[in-house]
Amino acid sequence: MTTDNPAITEEFLIPFEWPGSYYIGEEEIEAVNKVLLARSPYRFYGHDLQHYADKVENYFKERLGRKYAVLVNSGTGALSTAMMAADVGPGDEVLLPGYFWVACLSAVIRCGGIPRLVEIDDTFTMDPDDLERKITPRTKAVLLVHMSGACGNVERIVEICKRHNVLLIEDTAQANGASFHGKPLGSFGDLGIYSFQYNKNITAGEGGMVVASDDMLGKRAWAYHDVGYTRNEAGRVDTTGPVKTWGQCTHMSEVSAALLYAQTQKLDLITATMRARNQQLYAGLSQIPGAKPRRLVDPAGDSGPFVLMTYPTAEIAQKLVEMTRAAGVRPGPRGASNIRMTDWGLHIYYNNVSLVEKQGVNSAGRPWSDPLNEFAKDYQYGKGLLPQMDDLIERSVMMTVPPALTPETCDRIIEIYQDCAAKLGLK
Ligand SMILES: Cc1ncc(COP(=O)(O)O)c(C=O)c1O
């Protein structure tokens, strides 16, 4: 990249690489080729079906200790499927943290339910104290989003949901391969969802999955992702089965599933590599006076794709970002890394214009205009709704940790950060 600003170096220290795609190699090519050579890209029948979708589902069922795993064609679709399986609709609230991805909101809203936002704490995930304050008889489900690769107080949140008899849905889109004291994230809640989109820990290009253990939830998830019914042993749609509803046909194709199956075999290698780099960065950046790393309740269970650091003030965070970016701590022009968290688009509740303006999904303004949602008529979603989160993210900086980042580059990033902090007089 050329630039007119002499302070901006040519160097991009953070590789513009995503975890899963960086590892695409012979195994992925061979698997996809098998599907193409068999001319069988559809999961339910074909000339010579390779059964990759079944293989991926079985892999995750075993890994997560779940009875049901349903592959879908995006994480957004997985969230919608989970909300429908949980029977979220008009009159219901779903509690979710204010640090998320837009799909977490839209899944609730498209079902006709109302999102209610909960604070995050220094784990950058849902604050259990605020959750406890906000649970009411209207709460149909809690959506616990394991943001930026790791969990927060998952055990306490499981306990709160159980005590209040509320369904817990885990969004593990950003934390595939992460765990809490050895138990995989996505295996704690009544339902769990994953994403296999391009920038995730492993990828199918686009893809997602819903997991469950309860029979009715698992079967409902299947029916909503399919044509509205479960299937029999022979794989035929069964209109006499326990679920009769309306589906979305959001299956994953065998081509994507083949790519994904090869990636599943690399998941632990990818997360271990990112975790090693992320621990190196956390150790170095924590030496900066006043700097605080994200609180990790189980550092060994972090899947590793992000480093989140908090500084004493928003001004310091801003200056550090500007100075370190000018010295090369940034990805190529298309990437987002080494940015203040306030600048991280639709991950931050108040950046979601459709939420702040309470836009509906149709011209009738549903779900906001639904009489069953009258209780939410005065809800506001603008900045200031979650003061604890607002303060935390104003002072925090997000850096991506692709596995292509070398230990030497991590050292260089730490050196630049420490140097800039010294120039700012941090002590
Ligand atoms: C936390 C979270 N949930 C859900 C999704 C949606 O996944 P997808 O992009 O596969 O639709 C994402 C994607 O970025 C995400 O980060």
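This is a short tour of a predicted model, from its sheet to two helices and one loop residue.

**Stop 1: the sheet**

Start with the strands. Seven of them, 7 in the order β1-β9-β8-β5-β4-β2-β3, form an open sheet. The pairing is mixed. Colour β1 (68-72) and β3 (114-118) to mark the edges; each of these strands pairs on one side only. Now turn the view along the sheet. From one strand to the next, the twist averages 20°.

**Stop 2: edge strand β1**

Select residues 68-72. Is this edge strand enclosed or open to its surroundings? Of the 5 residues of β1, 5 are buried, so the strand is largely enclosed by the rest of the structure. Show the side chains next. Y68, V70 and V72 point one way, while A69 and L71 point the other way. All of these residues are buried. In a regular strand, side chains alternate between the two faces of the sheet.

**Stop 3: the partner, β9**

Add residues 208-212. This is β9, and its pairing with β1 is antiparallel, over 5 bridges. Pick out two positions to check the register. V72 has G208 of β9 as its bridge partner. V70 stands opposite V210 in β9.

**Stop 4: helix α8 on the sheet**

Select residues 215-225. This helix, α8, packs on the sheet. Which strands does α8 touch? They are β1, β5 (167-171), β8 (191-195) and β9. Compare directions while both are on screen: that of α8 makes about 15° with that of β1.

**Stop 5: α4 across α8**

Keep α8 and add α4, residues 75-85. The two axes come within 8 Å and cross at roughly 130°. That angle makes α4 oblique to α8. The crossing is right-handed. Display the side chains between the helices. On α4, the contact is made by T81, M84 and A85. On α8, L217, R220, A221, Y224 and H225 take part.

**Stop 6: Q174 in its loop**

Finish at Q174, in the loop between β5 and β6 (179-180). Is Q174 buried or exposed? Its relative accessible area is 12%, so Q174 counts as buried. Follow the side chain of Q174 to the backbone nitrogen of S148, which it reaches at 2.8 Å. Then select the surroundings, leaving out residues up to four places away in sequence. Q174 touches H146, M147, S148 and G149. Further contacts of Q174 are K200, N201, S303, P305, F306 and H347.

Notes: Residues numbered from 1 in each chain as written. Predicted model: local features only at pLDDT ≥ 70, side-chain atom pairs only at ≥ 80, totals over all residues. Heavy atoms only, no water. Pairing = 2+ DSSP bridges. Helix = DSSP H or I, 4+ residues; strand = E, 2+ residues; numbered from the N terminus. Axes fitted to C-alpha atoms, helices over the stretch in contact; angles between N-to-C directions. Contact = heavy atoms within 4.5 Å. Buried < 20%, exposed > 50% of the residue type's maximum accessible area, 1.4 Å probe, protein only. Polar contact = N/O pair within 3.5 Å; in protein donor to acceptor, adjacent residues only side chain to side chain. Parallel < 35°, antiparallel > 145°, perpendicular 65-115°, else oblique. Left-handed = near helix turned anticlockwise from the far one by under 90°.
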